[in-house]
Amino acid sequence: MSSRVAVVELRGAGDVDAFLSSRDRCVALFVGSGRQQAADAVLATLCDLGVHARIGRAVPYGGAADRRIRELVMRIAHTDRACLVLLRGTAVLDVLRSTDVEAHGAQWAAAQFALRFVPCLADGQGR
């Protein structure tokens with residue numbers, strides 16, 4: 001097992017594709033609104049707690065990586081605000097939205113992340 005590392009920032013569509021290229025493992029992508037809102041900060045902090053360098057963050061404001069990630073998650077209902085998406089290849093397994101964080105709070109989000117995301121990221125399995 002590799003050690004915990006910082007969030008991988010994805011700056012271009014090619015970066016996103018390379019990050020997702022291993023279809024047999026789970027990864028999480030932070031799709032941020034870039035608006036410095038409280039829920040965004042909670043989700044970004046959860047990213048920093050992730051395991052195995054399997055969490056990436058798109059550069060916001062319509063950059064190539066942001067557009068590529070939004071193409072991937074467009075088929076699921078989400079807002080234009082921040083969300084944390086658990087993927088296996090291009091299949092969406094789970095989502096934490098900023099609206100959920102706002103509704104239930106940071107402690108709820110941390111618990112959900114630990115329960116739903118971390119086990120999948122730690123062993124590469126989806127639910």
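**No disulfides, two cores and a five-stranded sheet**

The structure holds zero disulfides. Two of its cysteines show how that comes about. Cysteine 26 and cysteine 120 are closest cysteine neighbours, but their sulfurs sit 5.1 Å apart, which is too far for a bond. A disulfide would need the two sulfur atoms within 2.5 Å. Both cysteines are tucked away: Cys26 is buried, with a relative accessible area of 0%, and Cys120 is buried too, at 7%.

All of this comes from a predicted model, so it helps to check how confident the predictor was. The protein chain averages a pLDDT of 78, and 76% of the residues score at least 70. Going element by element, helix α3 (residues 64-73) has the lowest mean pLDDT, 77, while α4 has the highest, 91. The start of the chain is another story: over residues 1-5 the pLDDT is below 50, and this stretch has eight contacts in the model beyond near neighbours in sequence. Where pLDDT is low, the predicted coordinates should not be read in detail.

Now for the strands. Five of them form an open sheet in the order β1-β3-β2-β4-β5, with mixed pairing. The edges belong to β1 (8-10) and β5, each of which pairs on one side only. From one strand to the next, the twist averages 25°. At one end of that order, β4 and β5 run antiparallel and are joined by six bridges. Leucine 87 stands opposite valine 92 in β5, and arginine 88 has alanine 91 of β5 as its bridge partner. The hairpin made by β4 and β5 has two residues between the strands, and glycine 89 takes a positive phi near 65° there. Helix α3 lies across β1, β2, β3, β4 and β5, running at about 115° to β2.

What fills the inside? The largest nonpolar core has 20 residues, and Leu43, Leu46, Leu84 and Phe117 touch the most other members. Four elements give two or more residues to this core: β2 (26-31), α2 (38-48), β4 (83-88) and α5 (106-123). The largest share, six residues, comes from α2. Apart from this core lies another, of 16 residues, including Ala65, Ile69, Cys83 and Val95.

Helix α2 deserves a closer look. Its buried residues are Ala39, Asp40, Val42, Leu43, Ala44, Leu46 and Cys47. Which elements cover these buried residues of α2? The cover includes the strands β2, β3 (55-58), β4 and β5 (91-97), along with the helices α4 (98-104) and α5.

Phenylalanine 117, one of the core residues that touch the most other members, has a busy list of contacts. Leaving out residues up to four places away in sequence, Phe117 touches Ala28, Leu84, Val85, Leu86, Asp94, Val95, Leu96 and Gln112.

Terms used:
Residues numbered from 1 in each chain as written. Predicted model: local features only at pLDDT ≥ 70, side-chain atom pairs only at ≥ 80, totals over all residues. Heavy atoms only, no water. Core = buried A, V, L, I, M, F, W, Y, C linked by side-chain atoms within 4.5 Å. Buried < 20%, exposed > 50% of the residue type's maximum accessible area, 1.4 Å probe, protein only. Contact = heavy atoms within 4.5 Å. Pairing = 2+ DSSP bridges. pLDDT = per-residue confidence, 0-100. Axes fitted to C-alpha atoms, helices over the stretch in contact; angles between N-to-C directions.
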